[in-house]
Amino acid sequence: MRISVETKIYAVIGDPIGQSLSPQLHNGLFKANAVDALYLPIAVKSEDLKKLLDGFRLMNFGGFNITKPHKMEIIEYLDRLDPLAEKIGAVNTVVYQDKQMIGYNTDGFGFIKSIEEKISKIPKERLTILILGCGGAVKSVAMALADWGIKKVIIANRTAAKAEALVKLINKSWPGKAEAISMAPEALKKAVDAAAVVVNGTSVGMADSALQSPLAKALLKKELLVYDMIYSPPVTQLLKDAKEIGAQTQNGLDMLLYQGLLAFELWTGIFPDPSAGKKLLEENSEGNSEQKLLKEGIK
Ligand SMILES: NC(=O)c1ccc[n+]([C@@H]2O[C@H](COP(=O)([O-])OP(=O)(O)OC[C@H]3O[C@@H](n4cnc5c(N)ncnc54)[C@H](OP(=O)(O)O)[C@@H]3O)[C@@H](O)[C@H]2O)c1
């Protein structure tokens, strides 16, 4: 690859940033699609955000991704927001064009794209999805699902008041699309019975809670698609339980993939080949072999 003054620069900014797979994904995709561009990971503290963005405006910048903890605070430094990003109140992708920084949120539609094929038999108007958790990722996904037009998104969170507040916000823009429930087993059972997809959007199942599941195995059923937004470890306890009872399973690697592909499309106008992007992520993420086991239905 020949870097020149014409080479467009892209980046992912966050703090910390070393763990991000986005540089591997986007640099690989730029190469595969013959786009003259370069993508860098940049660690930045909140107090330096403005200075960094002022610097971007002086360079041949095409745009950037934003990850924790800056997805909300970045907004005040942008020129415009896409309507969905404005409703979500968080931005993960910025396009820099004609001296304007425009904020988007591709996390939610990344999630939708990642399940579209698996749920293709269910008309979206009849689709109910139960989501556990109510942090930043769930907010983006739940709003995108309401915007997409599913029948209902049910949200259960440890801190019930947070789920109730999010549901209120969603129903203001998309009346009747969201419902908050408690984490009590009876409430969860009723919701699981109504849902075709159950999603873990909590951090339960990650390294420090690797042996825990956010949902009792007895509440699962084999007709479900059980989706864990976690991708490291690639097979969480929830996914193990779901696999054992014969449910379909999916981890969060495809959500990561598709939010990236949608960002790539916003920047270049090209929607890249998902299998090429998946290969780049799998080559660079830990537990690749377990990933394969899961895919082959062994785990
Ligand atoms: N695949 C992807 O592309 C992708 C993208 C973003 C995030 N994620 C994953 O999504 C998950 C959430 O991320 P986030 O950014 O939304 O995090 P966050 O804003 O910190 O939210 C964390 C959520 O987990 C809940 N939680 C934490 N510990 C819990 C426990 N012991 N029991 C029950 N609930 C608990 C919290 O409940 P409270 O409100 O009660 O504290 C909150 O709802 C993480 O696992 C992250 O890795 C994946």
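The exercises below, each with a worked solution, concern a predicted model. In this model local features need pLDDT of at least 70, side-chain atom pairs count only at pLDDT 80 or more, and totals for chains, interfaces and linings use all residues. Residues are numbered from 1 along each chain as its sequence is written.

**Exercise 1.** Determine whether the radius of gyration of the protein agrees with that of a compact globule.

*Solution.* The radius is taken over C-alpha atoms, and the globule rule is 2.2 Å times the number of residues to the power 0.38. For 299 residues the rule gives a value near 19 Å; the protein has 19 Å, so the two agree. Along the principal axes, the C-alpha trace spans about 60 × 45 × 35 Å.

**Exercise 2.** Establish how far strand β5 is enclosed, and identify its pairing partners.

*Solution.* Strands (E, at least two residues) and helices (H or I, at least four) are DSSP runs, numbered from the N terminus. A residue is buried if 20 or more other C-beta atoms, placed from the backbone, lie within 10 Å of its own. Four of the five residues of β5 (residues 93-97) are buried, so the strand is largely enclosed by the rest of the structure.

Pairing requires at least two DSSP bridges between two strands. Strand β3 (residues 61-66) pairs with β5 in the antiparallel sense over three bridges, with Phe64 opposite Val94. Strand β6 (residues 100-104) also pairs with β5 in the antiparallel sense, over five bridges, and here Val94 stands opposite Gly103. The β5–β6 hairpin has two residues between its strands, and Asp98 takes a positive phi near 50°.

Definitions and conventions:
A residue is buried if 20 or more other C-beta atoms lie within 10 Å of its own, exposed if 12 or fewer, and partly exposed in between; C-beta atoms are placed from the backbone.
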